[in-house]
Amino acid sequence: MSPATPLPVSPARLVRELGDWQRPDQPTYRALAARIRLLLLDGRLAVDTRLPAERDLGARLGVSRNTIAAAYAALREAGYLTSVRGSGSRLCLPGGARGGADLGRTSAIDFRRATFTAYPGITDLYAEAVERIPAHIEESGYDIHGLPMLREAVAAHYVGRGIPTTSEQIIVTSGAQHALHLVTRALIRPGERVLIEHPSYAHAFDTLISGGARLLPQPIEPGGWDISATVDTLRRTRPAAGYVMPDFQNPSGASLAEEDRRTLARAATQSGTTLIVDETTSWLDIDRGERTGLAAFSGDVVTLGSLGKVVWGAMRIGWIRAPRPLVDRILAARSAVDLGTAILEQIVATLALRDIESVLGFRRTQLRDSRDHLVSLIREHFPEWTPHVVDGGMSLWQHTGQVSTLALADAARAEGLAIIPGTRFGVDGAFDHHLRLPFGYTHADLTAGVLALRRAADAVGSPSAQRRAFDPVV
Ligand SMILES: Cc1ncc(COP(=O)(O)O)c(C=O)c1O
């Protein structure tokens, strides 16, 4: 984004992002400045974002214009805001660094991603794929449907799970995130309601909201879904779509009970709701066992898949499985977004699916080992917390008791640890007292991270340090 074209954040959205920002122990302007700074550091507000006019934000928040002016002045003084006459106040980082992804470079340990490094067999798969390239050299590569042999391999994978599927029903995408974007564009019109699990995957919120969806949050506990409440919401509100992760939900790790799957699929059909089933995390079984895919219960379900979590995120390979008419609609709209997925990665993905049982066996051992290590670290260093031991997925969804994770994220940064406040997984500031703790790291990194987290939690907990943690600007 060029400094000449700052992106404005509306007062309404900023108020939503701010959530519950007031602090009883802080002057209002400081608490507001601290929260805006956290939103910037957390990547929820981008560098160059233009903040609302003082009067407009004051009116929305029910505080005086002077309070907003003082908060902006404090941010400016600390190097987080620049103001240019005539073009308002823009967020920036001290020293001119860019926000979002770059922030990780300043942290020794980055607990913000629930991923693993590449499957160790990846170089062999690439080497084999390169040998196979000559067979594809005549192809243009501008193929928005995807390499036929990969679509066949993906379809065979569904057939193996008891879900009849043809390769025509598969679209290869550049990851599941891209898949969700394409499905959102094809399915959801601005203003339509979409049921989401709450908490849920933060980038899915971003995609759905950018498609104009009105989100209908449905609570999920680490123990699972309240299926009758979900069915009731579907009946009452008839949302256009429902975005769900039935297996090892990100971030809670919860899975939809086998007996509830048919119920959910049936209720969605009855309410005219298309279920968008994100199975990106479904491969991450540690000790749960296979469950039936929702697409087995209804022909209307759209399923998203990815090799990102088990093979390698950097391959950027995912897919959509959808009913034929929807496949046609997605394909008709796709070329406005991109013109296909890289062919070498599609060949690698085909080979990875051939070897998927060994890939999953390797990951299962790795996941079990790292989950158990993280759980024992939490038990040892956070006796006041009770970890919910997940049976799959890549993270613990830890309740932090009295500790605000917005404050914790700030204190952790000072300890060289990057974490995501729980609010990123909720709407309207929910889940400030939950922390997603990913375990896809080495033992050494998990140990160092938990020790840094302990120091940060102690800092947030002590009243004098609490003032410090919320006091970013003076
Ligand atoms: C639930 C969920 N969906 C989608 C994605 C994005 O997957 P991909 O890397 O294939 O785009 C992720 C990645 O973290 C995820 O956790």
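This presentation covers the ligand site, two cis peptide bonds, two residues with positive phi, one helix and one threonine in a predicted model.

Let me begin with the ligand. Twelve residues need to be named here, in the order of the chain: Gly175, Ala176, Gln177, Tyr201, Tyr243, Met245, Asn250, Asp278, Thr280, Ser306, Lys309 and Arg316 surround the ligand. By character, this shell divides into four nonpolar, five polar and three charged residues.

Which side chains of the shell place an N or O atom at a short listed distance from the ligand? Ser306 has a polar side-chain atom 2.6 Å from an oxygen atom of the ligand. For Lys309, an N or O atom of the side chain is 2.7 Å from a ligand oxygen atom. Thr280 faces a nitrogen atom of the ligand instead, and the distance from an N or O atom of its side chain is 3.4 Å. As for enclosure, the ligand taken alone exposes 400 Å², and the protein buries 90% of that.

I turn now to the backbone. As a general reference, most peptide bonds are trans, and most residues other than glycine have a negative phi. This model contains departures from both patterns.

The peptide bond from His198 to Pro199 is cis, with omega near 10 degrees. Pro199 belongs to the loop that runs between strand S5 (193-198) and helix H8 (202-210). A cis bond also joins Asn250 to Pro251, and there omega is near 20 degrees. Pro251 is placed in the loop between strand S8 (241-244) and helix H10 (258-270). Asn250, on the N-terminal side of that bond, is also one of the residues that surround the ligand.

Where do the residues with positive phi lie? Phe431, with phi near 75 degrees, is in the loop between strand S13 (417-418) and strand S14 (434-438). Arg238, with a positive phi of about 45 degrees, is in the loop between helix H9 (227-237) and S8. Are these residues buried or exposed? Phe431 has a relative accessible area of 18% and is therefore buried, the limit being under 20%. Arg238 stands at 51% and so counts as exposed, the limit being over 50%.

Arg238 leads us to the helix before it, since its positive phi comes just after H9. In H9, the buried residues are Ile227, Thr230, Val231, Thr233, Leu234 and Thr237. Viewed down the helix axis, these buried residues fall within an arc of 160 degrees, so they line one face of H9. In general terms, an α-helix has 3.6 residues a turn, so residues three or four places apart point the same way. What does the buried face of H9 pack against? Its buried residues pack against S5, strand S6 (214-221), strand S7 (224-225) and H10. On the other side of H9, Ser228, Arg235 and Arg236 are exposed.

My final item is Thr165, in the loop between helix H6 (148-160) and strand S4 (170-173). Thr165 counts as buried because its relative accessibility is 12%, below the limit of 20%. Its side chain takes part in two kinds of listed pairing. Towards the backbone, the side chain of Thr165 reaches the oxygen of Ile163 at 2.8 Å. Towards another side chain, Thr165 makes a polar contact with Arg321, also at 2.8 Å. Leaving aside residues up to four places away in sequence, Thr165 touches Ala155, Tyr158, Val159, Ile170 and Arg321. Arg321 thus appears both as a polar partner of Thr165 and among the residues that Thr165 touches.

Key. Residues are numbered from 1 along each chain as its sequence is written. This is a predicted model: local features need pLDDT of at least 70, side-chain atom pairs count only at pLDDT 80 or more; totals for chains, interfaces and linings use all residues. Side-chain values use heavy atoms; hydrogens and water are left out. A residue is near a molecule or strand if one of its heavy atoms lies within 4 Å of it. A polar contact is a pair of N or O atoms within 3.5 Å; within protein, one must be able to donate a hydrogen and the other to accept it, and residues adjacent in sequence count only if both atoms are side-chain atoms. Accessible areas come from the Shrake-Rupley method with a 1.4 Å probe; for residues, only the protein chains shown count as cover. Ala, Val, Leu, Ile, Met, Phe, Trp, Tyr, Cys and Pro count as nonpolar, Asp, Glu, Lys and Arg as charged, and the others, Gly among them, as polar. Helices (H or I, at least four residues) and strands (E, at least two) are DSSP runs, numbered from the N terminus. Buried means under 20% relative accessible area, exposed over 50%, partly exposed in between (1.4 Å probe, protein chains only). The arc is that of the directions from the helix axis to the C-beta atoms. Contact means heavy atoms within 4.5 Å.
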